Every structure is written in C-alpha cells, then in structure tokens.
Amino acid sequence: MRDLIIVGGGPGGYVAAERAGAKGLSTLLIEKGELGGTCLNRGCIPTKSLLNSAKLYLHARESGRYGVRAQGVEFDLGAAMSWKNEVVGRLRDGVAASMRGAKVEVVRGQAEILGPRKVRLRGTQTVLEAGNIILATGSSPFMPPIPGAAGNPKVVDSTGLLDIKVLPKSLAIIGGGVIGVEFASLFSSLGAKVTVIEMLDEIIPFMDRGQAPLLRRGLKGVSFKLGCRVEGIDSGRVSWTKDGKAESAEADLILMAAGRRPNATDLSAPGSGLDSGPGGVKVDERMRTNLPGVYAIGDVTGKSLLAHSASRMGEVAVDAILGGSQAMRYDAIPWAVYSLPEAAGAGLTESQAEARGIDVKTSAVSLRRSGRFVAENGLSAPGECKLVVNAANDRVLGVHMVGAYASEIIWGAAAAIEMEMRPSDLREIVFPHPSVGETIRDAAWGLD
Ligand SMILES: Cc1cc2nc3c(=O)[nH]c(=O)nc-3n(C[C@H](O)[C@H](O)[C@H](O)COP(=O)(O)OP(=O)(O)OC[C@H]3O[C@@H](n4cnc5c(N)ncnc54)[C@H](O)[C@@H]3O)c2cc1C
C-alpha cells in the first residue's frame, strides 16, 4: 500500500506531493484537469502575465514624462494571450518535472473519497488505497443567482475573461474583491470603460479602511459603485439599487467576480463520513479532517483562499503525516493585489485588531518618502505604508501598503510578525536605499 494519495494538483496538492516525495513517502497525485490547478492555469499566473502586458502598454504610453519617446504604441491582445499561454505552459511543464524529480506518480481522473485510506476514480471501478489521503480539490467561481445572468453570453467568470479574443470597450464587474479589482486594473489600463459594482461600502473587505480609498483613487478610469445591490442583468445592461434608488450601466462584457466556493461537496462518496459542507472540508490546525489519516488543504478548506496558504497547508499536512508537530498559523499570511497601483498586507489591520479587543498604536507614512518611489512614480501617485503595533507588548501585528512593489516587500512584514518583532527591532535592520521597502523602517521610526 502507498503512503499517500493526494487528490488535486494545484499549489496545495503539488507542493504537498513534492515535499512528501522528497521525504521518501510513496506518493500518488490524482488530478482531473491540468497540473498547477486554478493558480497556474486560470488564476494567479495568467492574470499576472496579462497585468504585466497591460502595465508595459501603459508605461510605454506614459514614457514621455520620463524622457522616453515611444510612437505608435499598440496593445496586441492575441500576442499578449500567446505570451500568457507560453508562460502557463512552461510552468506547467516545470510542475510535471518536479513531480518526476520527487518520484510522485501522477494519475489523471476525478477522485472521490470512500472513507479512510480509500479513494475511487469516478466512472471506474478502480479503488486506490494509501495510508494517508490529502484532499486538495480547490474552489470554483461562485455565480450568484442574479436574474438574467445564467446563459447570458455577455456574462463571464474569471476563467472566461482570460481567454477572450476581442478587447471589450466597456466592462462591468460584479464584485470588488481582489479578482474584480485586478481585472478592473487590467482592462482600464487597456482603455476599457470599467464599472465595478460592489455590495459592501468599500472594495477588498480585509484591507485597511484608510488604504482602500487610496487604492480606488489610484485605479484610474475605473468607476466604483459601492453599497450597490445588483438586481438583474438584461443582455449587457446591469441594474442595481443603491439606497432604494435604481441605477444601471451598459457594458460589452460583464465579469461575475462575486467570490469562490470550496469544491467540497462533490469529492466524497455517500457514506464516506467526511465532515464537509458548502463552507469547506472541516480541518484542525494540523489540517486533519474528522477521518483518521485524511487531511484537507487549500481552498477546499475555505480557510484562506490563496495559493501560498494552500502550499503551506500542504507542508503542515505532510509534516503531520511524518509525525511532526507543526500547526497552521493564519495571522501573518501576506496577501497582494497586483493592480496598478498594487496593494498588499500581512497581519491585522487596525480595525481587525480593535475587533479582537487589542489596543493598538499605528504609524503611517507616505511612499513619497522613498526616493525610488518618487523617481519612478512622481509625486502624485498614491502610496502608503502603515504599521499596526500591539500597544500592550509593542509587537508588530500588521503591515499594510498601497503602491509600487508592495507585493514584493510584504513577505518581510510577514517575517516581522512571525518573529514577533518590535518597531525597535525593525529600526535596527538596515534596508537598501533607495527602496520602497524603506518606508516600513520609516513607519517604525514614527513609533519612537
Ligand atoms: C483569477 C484568479 C486570480 C488569482 N490570483 C491569485 C494570486 O495572485 N495569488 C494567490 O495567492 N491566489 C490567487 N488566486 C487564488 C488561487 O488560485 C487559489 O487560492 C489556489 O489555486 C488554491 O490552490 P489549491 O491547491 O487549494 O486548489 P486549486 O489550485 O484550485 O487546485 C485544485 C485542483 O484539484 C483538481 N480537482 C478538483 N476536484 C478533483 C477531484 N475530485 N479529483 C481530482 N482532481 C480534482 C482541480 O482540477 C484542480 O487542478 C487567484 C484565483 C483566481 C480565480
């Protein structure tokens, strides 16, 4: 009998497989689609590839300000899509190679769990057994039951929008979360008229409340309709109400970006006994489900719908299988929005800390303190770095940023939170100059 079967080959499943294989566990990975999962094939990577093309286009158009004259700048959607497909293909080959390197056997098919130690390949009589099972089946776009949405060719989800052949002149986005905001940035950079309709009174609900408006202001050409409830769609017209008043907008395409749901209901056979529901497969801090030897990781747990969370959960599950004692910690997981400008954060915001009854002190500095930021963005670009510190013990609880390079800097903030650093510790670290990251240190001096 094998040591481990992993169901799902996304960043949760393939990282768990690589770690398990490297530790000598005989491992089988079952994937019904493509290796790399949502992240590599229709999520993180294709969006970042297209966002990079859009940023290059915008930079080329605006380059005159920086002394570079470019004429006849055009965006070639077909070429940008080909580049995106090439990037995805190469990385997918890389995942396959790492599976071979770790001696992980990969099987194509849709698996369902029968109970502890047993999975079946759907549509076959093949039952596979292993000492342990890791469920890593991910999540799918949530399509709210909005009248006029189902079967409407103008309504797409994120997967559909990543494969369009013609650029829309106008795009309506239902949902102002990370996915909605990234697509808003992408298409507005390419000249589309973008309208984001969000039910809550602010975009990206987990962002610092002061920085979300900063991000919105930075997203040039995007019209945000906040506190608006979408009531229906008629061909390309989206109708919503705000404070009881009806409004609408017409668009060439409508992106449904109203969140994602764990693929938890369809993965266990009747009678498997797995404790799961629409909110996800239930797990403890070591990713153990209620069934002995069965673990769940990544989006399917509904705990943190991020690729790097999925990978870390995979490592924690493999550690548990190997008899270790690691536990999953969620308090310092960084997140990033790769829009133009970027936003990123790690740890608690001021309001999240206050909701937990933690007394905090904060320090916020403009990114214009950074010479590099000014040289590359000028003085009108929005940017801020904010530090949230526990007033009782002086430990860093959170770092939140809007502006260039935020996504590349934020891991350092996660490290500071994990290491329970104080602002005085940050002040003793030397940062490279000029860099945007220096603003974290500047913010720490603001708490002297
Ligand atoms: C447009 C978009 C952009 C995103 N951008 C980012 C980003 O920039 N950064 C970030 O951290 N996250 C991002 N995400 C989220 C990220 O993609 C997910 O958090 C991540 O992919 C979750 O990894 P996972 O391994 O849990 O699941 P997945 O990546 O969804 O992988 C699950 C795999 O399981 C397979 N599977 C499902 N059921 C079965 C079954 N029964 N049998 C066999 N195989 C099965 C699926 O085919 C899939 O390949 C983005 C998501 C989207 C949609």
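Me: In this predicted model, how far is a nitrogen atom of the ligand from a polar backbone atom of Cys 44?
Reply: The model is predicted. Polar contacts are pairs of N or O atoms within 3.5 Å. The ligand nitrogen and the polar backbone atom of Cys 44 are separated by 3.4 Å.

Me: Which residue has a backbone N or O atom 2.9 Å from an oxygen atom of the ligand?
Reply: A nitrogen atom of the ligand lies 3.1 Å from a polar backbone atom of Lys 32. For an oxygen atom of the ligand, the backbone N or O partner at 2.9 Å belongs to Ala 307.

Me: How much of the area that the ligand exposes when taken alone does the protein bury?
Reply: Around the ligand there are 37 residues, and Glu 31, Thr 38, Lys 48, Asp 299 and Ala 307 are the closest. Taken alone, the ligand exposes 1000 Å². Of that area, the protein buries 95%.

Me: Which element gives the most to the shell around the ligand?
Reply: The elements giving two or more residues to this shell are β2 (27–31), α2 (37–42), α3 and α8 (307–321). The one that gives the most, with 4 residues, is α2.

Me: How many residues of the shell around the ligand are charged?
Reply: The shell contains 13 nonpolar residues and 17 polar ones. The number of charged residues is 7.

Me: Why is the pair of Tyr 57 and Phe 75 classed as it is?
Reply: A search of the whole structure finds 3 aromatic pairs. The ring centres of Tyr 57 and Phe 75 are 5.8 Å apart, and their planes meet at 70 degrees. Planes over 60 degrees apart define one class, so the pair of Tyr 57 and Phe 75 is edge-to-face.

Me: How many residues apart in sequence are the parts that Tyr 57 and Phe 75 tie together?
Reply: Both Tyr 57 and Phe 75 are buried. Tyr 57 belongs to helix α3 (residues 44–61), whereas Phe 75 is in the loop between α3 and α4 (77–101). The pair therefore ties together parts whose separation in sequence, in residues, is 18.

Me: Is the pair of Phe 183 and Phe 187 stacked or edge-to-face?
Reply: These two residues lie in helix α6 (residues 178–189), 4 residues apart, about one turn of the helix. Their ring centres are 6.4 Å apart and their planes are at 20 degrees. Planes under 30 degrees apart meet the criterion, so the pair of Phe 183 and Phe 187 is stacked.

Me: Is Phe 183 buried or exposed?
Reply: The limit for being buried is under 20% relative accessible area. Its partner Phe 187 has 4% and is buried. With 2% relative accessibility, Phe 183 counts as buried.

Me: Which residue lies over the face of Trp 445?
Reply: Arg 261 lies over the face of Phe 142, at 4.0 Å from the ring centre. Over the face of Trp 445, at 5.0 Å from the ring centre, lies Arg 427.

Me: What is the omega of the cis peptide bond from His 433 to Pro 434?
Reply: Most peptide bonds are trans. A cis bond joins Leu 340 and Pro 341, with omega about 5 degrees; Pro 341 is in the loop between β20 (335–337) and β21 (343–347). Pro 434 is in the loop between α12 (423–427) and α13. For the cis bond from His 433 to Pro 434, omega is near -5 degrees.

Me: What is the phi of Glu 420?
Reply: Most residues other than glycine have a negative phi. Tyr 405, in the loop between β24 (396–402) and α11 (406–418), has a positive phi near 70 degrees. Glu 420 is in the loop between α11 and α12 and is partly exposed at 49% relative accessibility. The phi of Glu 420 is also positive, near 55 degrees.

Me: How far apart in space are the C-alpha atoms of Gly 9 and Gly 33?
Reply: Gly 9 is in the loop between β1 (2–7) and α1 (13–22) and is buried, with a relative accessible area of 0%. Gly 9 and Gly 33 are 24 residues apart in sequence. From C-alpha to C-alpha, the distance between them is 8.4 Å.

Key. Residues numbered from 1 in each chain as written. Predicted model: local features only at pLDDT ≥ 70, side-chain atom pairs only at ≥ 80, totals over all residues. Heavy atoms only, no water. Phe/Tyr/Trp six-rings, centres within 6.5 Å; stacked < 30°, edge-to-face > 60°. Buried < 20%, exposed > 50% of the residue type's maximum accessible area, 1.4 Å probe, protein only. Lys NZ or Arg CZ within 6 Å of the ring centre and 35° of its normal. Near = heavy atom within 4 Å. Polar contact = N/O pair within 3.5 Å; in protein donor to acceptor, adjacent residues only side chain to side chain. Areas by Shrake-Rupley, 256 points an atom, 1.4 Å probe, with all protein chains shown as cover. Nonpolar A, V, L, I, M, F, W, Y, C, P; charged D, E, K, R; others polar.
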